[in-house]
Amino acid sequence: MNNNLFFYLVNNLSKNIFFFIGVFFLINIEVSLSFFLIFNTATPSLVSIIIFLFIKKFNYIPSNLNLIFIGLLNDVFLGNNLGLTSIYFLLFKFLTENIRINITDKKHEEDWLYFTIIFVIAFTVTLLINILLNLKIPDLSPILYYIGITLVSFPIVNIIIYSFYFIQRLFKS
């Protein structure tokens, strides 16, 4: 019994560490995308896409502590209000877990619609918190570009991940 519990804990710890390292590198990729002219005003939220796809496609629920640390690191690197990205990630995870209308459906035709709804709600809540903290309404042009470029990036990232998943299944059979 103790061996099974030990292996279960080691397995969960290794999954959490792998997810943390992967998302940490993804945050660095997001920051480096800002050096391209097309993403000068705002980069797509690749972390949101990955969190959604991990919960939906791979049934991996990232831990809250993991998302808090990732959000705090992102805030420190980008100079945002400390804790705002953590709130966004936790809200995004909560909404992704709880909006499960036909989410186990194998067709995946409504993924983009679910992602859009979840992303817009979570981003709007954190934007309102940011407005209340700073007592200033930000320029809407970069915000709308950020939302648009993230929603356009979702199908591209989804196809890339699905192709890796398909190749992995092909090698297993």
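A nonpolar core, as the term is used on this tour, is a set of buried Ala, Val, Leu, Ile, Met, Phe, Trp, Tyr and Cys residues that are joined through side-chain atoms within 4.5 Å. The model in your viewer is a predicted one, and the tour begins with its largest core.

Select I51, F52, F92, F115 and F119 together: of the 37 residues in the largest nonpolar core, these touch the most other members. If you then colour the chain by helix, you can follow how the core is assembled, since helix 1, helix 2, helix 3, helix 4 (84–98), helix 5 and helix 6 (140–172) each supply at least two residues of this core.

Next, keep F52 selected and show what surrounds it. Leaving aside the neighbours within four places in sequence, F52 is in contact with F92, T96, D111, Y114, F115, I118 and F154. One of these partners, D111, leads to the next stop.

Centre the view on D111 and display the charged side chains around it. Side chains of opposite charge can pair when their charged atoms come close. The structure holds two salt bridges, and one of them joins K56 to D111, with the closest N and O atoms 3.0 Å apart. K56 lies in helix 2 (residues 46–56) and D111 in helix 5 (residues 111–134), so this pair ties together parts of the chain that are 55 residues apart in sequence. Because its relative accessibility is 9%, K56 counts as buried, and D111, at 3%, counts as buried too.

Now add K57 to the selection. K57 forms a salt bridge with D111, and here the closest N and O atoms are 3.9 Å apart. This pair also links distant parts of the chain, for K57 sits in the loop between helix 2 and helix 3 (64–78) while D111 is in helix 5, 54 residues away. K57 has a relative accessibility of 18% and therefore counts as buried, the cut-off being under 20%. Through salt bridges that share partners, K56, K57 and D111 are joined into one network.

For the last stop, select F25, which is found in helix 1 (residues 2–33). Is this phenylalanine, F25, buried or exposed? At 51% relative accessibility, F25 counts as exposed, because the cut-off for that class is over 50%. To place F25 relative to the core, draw a C-alpha to C-alpha distance from F25 to F119: the two residues are 21 Å apart in space and 94 residues apart in sequence.

Note on methods
Residues numbered from 1 in each chain as written. Predicted model: local features only at pLDDT ≥ 70, side-chain atom pairs only at ≥ 80, totals over all residues. Heavy atoms only, no water. Salt bridge = Lys/Arg side-chain N within 4 Å of Asp/Glu carboxyl O. Helix = DSSP H or I, 4+ residues; strand = E, 2+ residues; numbered from the N terminus. Buried < 20%, exposed > 50% of the residue type's maximum accessible area, 1.4 Å probe, protein only. Contact = heavy atoms within 4.5 Å.
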